[in-house]
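Student: Before we discuss any details, could you put the sequence and the structure in front of us?

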Amino acid sequence: MEVMSVKAFEPQAFECAVVDVLRLEMERKNVSRRTLSELSGVSKSRVIRLLADGGPTAPVTITVLDSFCRALGIRLSTLLAEAEARLSGKKEQPHPGGLPR
């Protein structure tokens, strides 16, 4: 019988960029991880794993991202575009009131 090895989750650059944008939006709106958990319906432990300081320690799914975006009052497409812009090195002008809805 063959033994399968289990590798630890290693976030990709895009996932880290998405998490960075989420954290920035949370700061702008003064939303804590606990509040994001309550507003999004995502468990606090999952929120903590996904928003870890060194990058997510678990895969970030579209369903969870959509829940976060709804809780923060932003569009998922806007979040993803902002993360893509950060990765491509484009200098995005900060949105004074946060990301557009």
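The questions and answers below deal with the core, the salt bridges and one backbone angle.

Tutor: This is a predicted model, in which local features need pLDDT of at least 70 and side-chain atom pairs count only at pLDDT 80 or more, whereas totals for chains, interfaces and linings use all residues. Residues are numbered from 1 along each chain as its sequence is written, and side-chain values use heavy atoms, with hydrogens and water left out.

Student: Which element gives the largest share of the largest nonpolar core?

Tutor: A nonpolar core is a set of buried Ala, Val, Leu, Ile, Met, Phe, Trp, Tyr and Cys residues joined through side-chain atoms within 4.5 Å, where buried means under 20% relative accessible area, exposed over 50% and partly exposed in between, with a 1.4 Å probe and protein chains only. The largest such core has 23 residues, and L22, L36, L51, L65, F68, L72 and L79 are those with the most contacts inside it. Two or more residues come from each of α1 (13-28), α3 (44-50), α4 (62-72) and α5 (76-88), the helices (H or I, at least four residues) being DSSP runs numbered from the N terminus. The largest share, six residues, is given by α1.

Student: Which residues are in contact with F68, leaving aside its neighbours within four places in sequence?

Tutor: F68 is among the residues with the most contacts inside the largest core, and contact here means heavy atoms within 4.5 Å. Once its neighbours within four places in sequence are left aside, the residues in contact with F68 are L22, L36, S40, V42, V47 and L50.

Student: How far apart are the closest N and O atoms in the salt bridge of R23 with D20?

Tutor: A salt bridge is a side-chain nitrogen of Lys or Arg within 4 Å of a carboxyl oxygen of Asp or Glu, and a search of the whole structure finds five of them. R23 and D20 both lie in helix α1, three residues apart, which is about one turn of the helix. R23 counts as buried at 18% relative accessibility, while D20 is partly exposed at 35%. The closest N and O atoms of this pair are 3.1 Å apart.

Student: Is E25 buried or exposed?

Tutor: E25 and R28, both in helix α1 and three residues apart, meet through their side chains in a salt bridge of 3.3 Å, N to O, and a network of salt bridges links E25, R28 and K29. R28 is partly exposed, with a relative accessible area of 31%. E25, by contrast, has 0% relative accessibility and therefore counts as buried.

Student: How many residues apart in sequence are the parts that D53 and R33 tie together?

Tutor: D53 forms a salt bridge with R33, in which the closest N and O atoms are 3.5 Å apart. D53 is exposed, with a relative accessible area of 70%, and R33 is partly exposed at 28%. Because D53 lies in the loop between α3 and α4 and R33 in helix α2 (residues 33-40), the pair ties together parts whose separation in sequence is 20 residues.

Student: What value is phi of N30 near?

Tutor: Most residues other than glycine have a negative phi. N30 lies in the loop between α1 and α2 and is exposed, with a relative accessible area of 73%. Its phi is positive, in a residue other than glycine, and is near 55°.
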